[in-house]
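Student: I am new to this structure. Please take a close look at one helix pair and then place that pair in the rest of the protein.

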Amino acid sequence: MSSAGMLVRQPVWDALDGFDPALPTIDSGLDFCTRARLAGYRVTLVAQARVAVGGDGVAGPNLSRKWSVRRKLAGERRRAQLHRRMVYAPGWALVPHWLTLVPLAILRSIVRLLRKEPGSVGGELGAAFRVAFSGMAIGGARRRLARARAVGWAAIAPLRLPFAEVRRGRALKREAAMVRQQGERQELDFWGGGGGWTVLAMLAVGVLLLYPLAGSGAITGGGMLPLSTSVGDLWANLGYGWRDIDLGFTGAADPFSAVLAVLGTLTFWQPSVSLVVLWLLALPLAALGAWLAAARLTVRPTLRAFAAVVYALAPTLFVALQGGRPGAVLAHILLPWLFFAGLAARRSWTASATTALIAAATVACAPILIPALAIAWIAAIVFAGRRAARIVFIPLPAVVLFAPLVWQQASRGAWLSIFADPGVPLDARRTPAWQLALGFPDGALGGWHVLAHAFGLSAVPGTIIVPVLLAPLGILAILALFLRGTVRAVVALVVALAGFLTAVTALHVEVAVSGSAIVPIWPGSAVSLYWLGLIGAAVLALSALRRGALAPAWVAMVTIAIAAVPSAIATHDGQASVTASDGRTMPAVVTAKAATQPRTGTLRLTPQPDGGIRAEVVRGTGQTLDGQTTLSSTERSLSAGQRELATLAGNLASRSGYDASGELKRLGIDFVLLTPSATALDEHVGTKPDTTAADATRARASVAMDANSLLAPVGQTTTGSLWAFDRGTTVEPPAALIPPDAGGMWRVIVLLVQGLIVGFTLLLAIPTTRSADRVSELNSRRPARKHGGEPPAIEPDDEPIPPSDGDIPVSGESLEEWDAEPEDEAVVESADEEEAREARPEPEELTAPKPEPEHEHEHQSAEAAVPVHETVTEPEPATGPNATAHDFALQAAVSFDAPTTLEDGLDETIVRPRPAIERSDRG
C-alpha cells in the first residue's frame with residue numbers, strides 16, 4: 001500500500017517504529033505493511049478508495065518524465081528491492097545474499113543491455129554496491145523487524161502474487177507487442193524486389209573477374225600479407241603489447257588488427273583464406289550494402305538495383321582489389337552498411353550499437369575518413385532532438401580502439417600519423433583532382449592510360465572517353481538539386497563533397513615511410529565516400545523522375561560498367577599487383593627451420609631506388625598483416641638498435657673486412673636474404689622507373705656476401721638470394737626473445753577497457769524480441785503524418801501509386817517531421833517496461849495504466865504492494881469485534897462510485913496531475 005494513502009493509528013506507528021529510513025521514497029509503504037502484518041496487525045485495503053499525489057518526490061517517488069529522473073528512479077527501485085531482500089532473509093541466507101549482490105547485478109546489467117535499456121545499467125550496479133556497503137542500515141532494519149515480529153512468514157504467504165499470474169501478464173504484453181510490430185514493419189522484399197538477383201549477378205561478376213585467386217590459401221602482392229596461422233595469434237595482436245616488427249618494440253596495435261582478427265576467425269582453420277574469400281565476395285557485399293542503403297531512399301526496386309550495381313562497379317573498388325589494399329576494400333564495403341544502420345540509429349539502441357560497431361570497423365580500415373564521419377556525427381546530434389544520446393554513443397567503440405594508438409602518436413608529436421593507412425605502406429601517385437572527381441584514385445584513370453599505351457596511343461583519348469562515360473551519373477546527381485526531395489539531395493551531395501575534399505587532402509599528407517620513399521595517404525577510401533554520396537543523389541533524382549527514370553538509370557549503369565573495364569580485368573591481363581599464394585613470404589629453408597625454432601632470425605636486405613639498402617630483421621616464418629602497426633611505418637627517426645643494424649647491413653653488403661659474427665649472434669640471425677630491388681612508382685604511365693642504382697647496389701651486395709666466409713650460400717629462391725649463418729647454438733639470445741612482461745599492466749588495462757566497451761556494444765547490437773517490443777511500442781504512439789508520401793509497400797516501376805495520406809518511409813519524411821518527436825515518446829529513453837507504459841497519454845482523472853508490480857517473491861503481498869488513488873474521503877471507524885489497535889493498522893475511506901471488488905482495487909495506480917502541471921519542473 002502506498003505510503004501516501006495510509007491511515008495508521010499512533011500506537012501501531014510507535015510499535016513499528018515508523019518507516020524504514022533506508023526506504024525514503026520507494027517501497028516504504030510495502031515494507032511498513034509487511035512489518036505490520038508480521039507484528040500481528042491487520043492491513044486492510046479499501047478497494048473503493050482513491051488518493052491523488054503530486055508526484056514531485058515529496059510524498060512517494062518523483063514521477064517526472066525527464067530521462068534523468070526516470071533513470072534515477074529505476075535505480076532507487078532496484079535498491080529498495082535489494083534492501084528488503086537483505087532485511088527479510090533468514091540469518092543463514094544473509095551471507096550468500098550479500099555475496100551474490102554484485103555478481104547478480106552484473107548478470108542483470110547484461111540482461112538490461114539485451115533488452116536495450118543501457119540507461120538502467122548504472123542503476124543496477126549502483127544499487128548493488130549501495131546495498132552491499134550500506135553500513136548499519138540493513139542491521140538496523142533487521143533489528144526493527146525482529147523486535148516487532150509476532151507471527152511467522154506464513155502470514156504473508158497467502159498474499160503473495162502468484163508467479164503464474166506474473167508470467168501470464170508478461171506473455172500477454174509480449175504477444176500484444178508482437179501483433180503491433182507485425183502491422184508496423186515495412187518489409188524490404190529483398191528477393192521480390194530484385195535485391196537477391198542483383199547480389200547474385202555481382203557475385204558472378206566478381207568470381208569471373210577474380211577466379212585466378214580462387215582455391216589459393218592466401219593472396220600476395222601490393223599490401224597483402226598472410227594472416228597469423230592461428231586464431232589465438234590473431235587476437236593476441238590486439239590492444240597494447242609486443243610488436244614483432246624488425247627488432248621489436250612495445251606499443252599499441254592498430255584498430256585494423258581487430259577487424260582482421262574478426263575476419264580471420266570466420267575461417268578459423270586457415271585465417272588467410274578469409275582474405276581470399278573477401279576478394280571474391282567484395283562485389284556482392286558492396287552491392288548488398290548499397291541496395292540496403294538505397295532502401296532508405298526509395299521503394300522502387302529498379303532504383304535500388306541501380307545503386308547496388310553502380311556502387312559495386314565503382315572504379316575505386318577495382319583499383320583497391322587489383323592493387324592489394326585490404327583496408328580500402330573493407331572500407332568500401334562497409335560504408336553503405338554504415339549509412340544503412342546510421343539512418344535508423346536514433347530509433348533504437350540496437351540500430352545505434354550496430355552503427356557504432358560498423359563505424360569503428362570503417363575508421364579502423366580507413367582512418368582518413370575520421371574527419372568526414374565526425375562532421376556527419378555532429379550534424380546527426382544537432383538534428384537528433386531528444387534521442388541525441390543514441391547518436392552520441394556511436395563513436396565510443398572507435399574511441400576506445402584508437403585511444404592507445406592516439407596516445408602514443410601524440411606523445412611523440414605525430415598527430416597526423418593517426419590517419420595513416422593501416423597495414424603495409426604502399427606508395428601512391430599524385431592523382432590530379434579532376435581524376436578524383438571522376439572516381440579514379442590511382443592517377444592512371446583505372447587502367448585507361450595503360451590500355452592506351454598498350455595500343456601505342458597517348459593518354460588524351462582516355463581523358464576524353466572516361467569523363468563522357470561518367471557524365472550520366474554526374475548529371476543525375478546535380479539534377480537532384482532541382483527536383484522533388486531537394487533537402488535530401490543536398491545532404492547526399494554534402495556527403496560527396498566531404499569525401500572529395502578528404503581525397504584531395506589525403507594526397508598532401510605524407511606520414512608513412514616505405515624504405516626510402518615517403519608514402520602519402522591513399523585517397524581511394526575517401527573516393528568511396530564521394531562515390532556513395534553521388535549515388536545517393538542520383539537515386540533521389542531518378543526517384544523524382546518516376547516513370548522516366550528507367551532509361552537514365554540503364555544508361556548510367558552501362559557507361560559506368562564500361563569505364564570500370566580496364567581496372568576490372570587487370571587480373572587477367574597481368575596488370576594487377578595481387579596474385580595467388582600459398583601463404584609463404586620466406587624461403588622454404590627458413591620456413592622449415594622456423595617450424596622447430598619459431599624465433600629463427602632472418603636479416604632481409606632490400607636495395608632501394610636511390611642506391612641505399614633497407615635492412616630489417618624477420619622472425620619465424622615471416623611477417624603477417626595483422627602484426628603490422630602504423631607506429632612502425634610512421635616512425636621517422638632511428639633507434640640505437642636500428643643504427644647498429646644499419647651498420648651491420650652496410651658492412652655485409654660491401655667488402656669492408658668487418659667481423660659481423662658477434663653482432664649476428666647477438667641478434668639471433670640465422671639467415672641473410674637479399675631480395676630483388678625495390679622499384680620506384682612511375683609517376684607517368686608508360687615510363688619505366690630508373691633502377692640502375694638499385695641494381696648496382698644489389699650486385700655489389702651479392703658479391704660481398706658470396707665472399708664472406710661467415711655466410712654459406714644457400715642459393716636463389718623465389719624471394720631472393722639466401723645465405724645461412726651458423727651461430728653454433730640453438731639457444732636464442734635475449735634480443736631474439738619476446739619479453740615476458742611486454743606491455744605490463746597497461747596491456748591488461750587496455751584489453752579490459754576495450755573488451756568491456758566492445759562487449760557492451762555487442763550486447764546492445766544483438767536484436768532481441770524485447771528490442772522489437774520497444775520499437776513497436778514507440779511506433780504505436782507516433783502520431784500520423786500530416787501529409788502523404790511514398791507508400792510503404794513496393795510498387796512496380798511503371799505503375800507508381802500517387803502519394804497517400806498514410807505512413808511513409810524515412811526517405812519520404814522531411815527533416816522537420818522526422819525530428820519532431822512526440823513528447824511522450826522521448827521520455828522512454830531507457831525506462832523499464834512499466835515506465836514505457838506510464839508514458840502513454842492519459843485522460844484526466846479517468847483510467848490510468850496498470851502498474852507493473854515489483855515481481856519479487858520474497859514476502860511481497862498483493863495487498864501491501866499497491867497504492868490507492870483518487871479522492872480521499874473521511875474515514876469511517878472500523879466495526880466488529882476485531883476493531884482494536886491490534887486488529888488493524890490502516891483503513892482507507894470509501895467513495896460512492898468506486899470499484900466494488902478487491903480485484904478492481906488492485907488495478908489502481910496514482911493519478912497524474914493535469915497536463916499543465918505535468919510539463920512543469922515538478923513533473
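Tutor: In this predicted model, helix H13 passes helix H25 in a left-handed crossing. H13 covers residues 301–312 and H25 covers residues 550–563. Their axes come within 10 Å and cross at roughly 15°. That angle is under 35 degrees, so H13 counts as roughly parallel to H25.

On the H13 side, the residues that meet H25 are Thr-302, Ala-305, Phe-306, Val-309 and Val-310. Facing them in H25 are Leu-550, Ala-553, Ala-556, Met-557 and Ile-560. By class, this contact holds nine nonpolar residues, one polar residue and no charged ones.

Phe-306 is a residue to follow outward from the pair. Leaving aside neighbours within four places in sequence, Phe-306 touches Ala-553, Ala-556 and Met-557, and its contacts also include Leu-473, Ala-538, Val-539 and Leu-542. Phe-306 also belongs to the largest nonpolar core, which has 143 residues. Within that core, Phe-306 is among the residues with the most contacts, together with Trp-279, Val-329 and Trp-531. Apart from this core lies another, of 19 residues, including Val-617, Leu-652, Val-672 and Met-705.

Now the protein as a whole. The secondary structure comes to 39 helices and 11 strands. The protein has 923 residues, of which 52% count as buried. Among contacts with a separation of 6 or more, 77% come from residues 24 or more positions apart.

Methods:
Residues numbered from 1 in each chain as written. Predicted model: local features only at pLDDT ≥ 70, side-chain atom pairs only at ≥ 80, totals over all residues. Heavy atoms only, no water. Core = buried A, V, L, I, M, F, W, Y, C linked by side-chain atoms within 4.5 Å. Buried < 20%, exposed > 50% of the residue type's maximum accessible area, 1.4 Å probe, protein only. Contact = heavy atoms within 4.5 Å. Axes fitted to C-alpha atoms, helices over the stretch in contact; angles between N-to-C directions. Helix = DSSP H or I, 4+ residues; strand = E, 2+ residues; numbered from the N terminus. Parallel < 35°, antiparallel > 145°, perpendicular 65-115°, else oblique. Left-handed = near helix turned anticlockwise from the far one by under 90°. Nonpolar A, V, L, I, M, F, W, Y, C, P; charged D, E, K, R; others polar.
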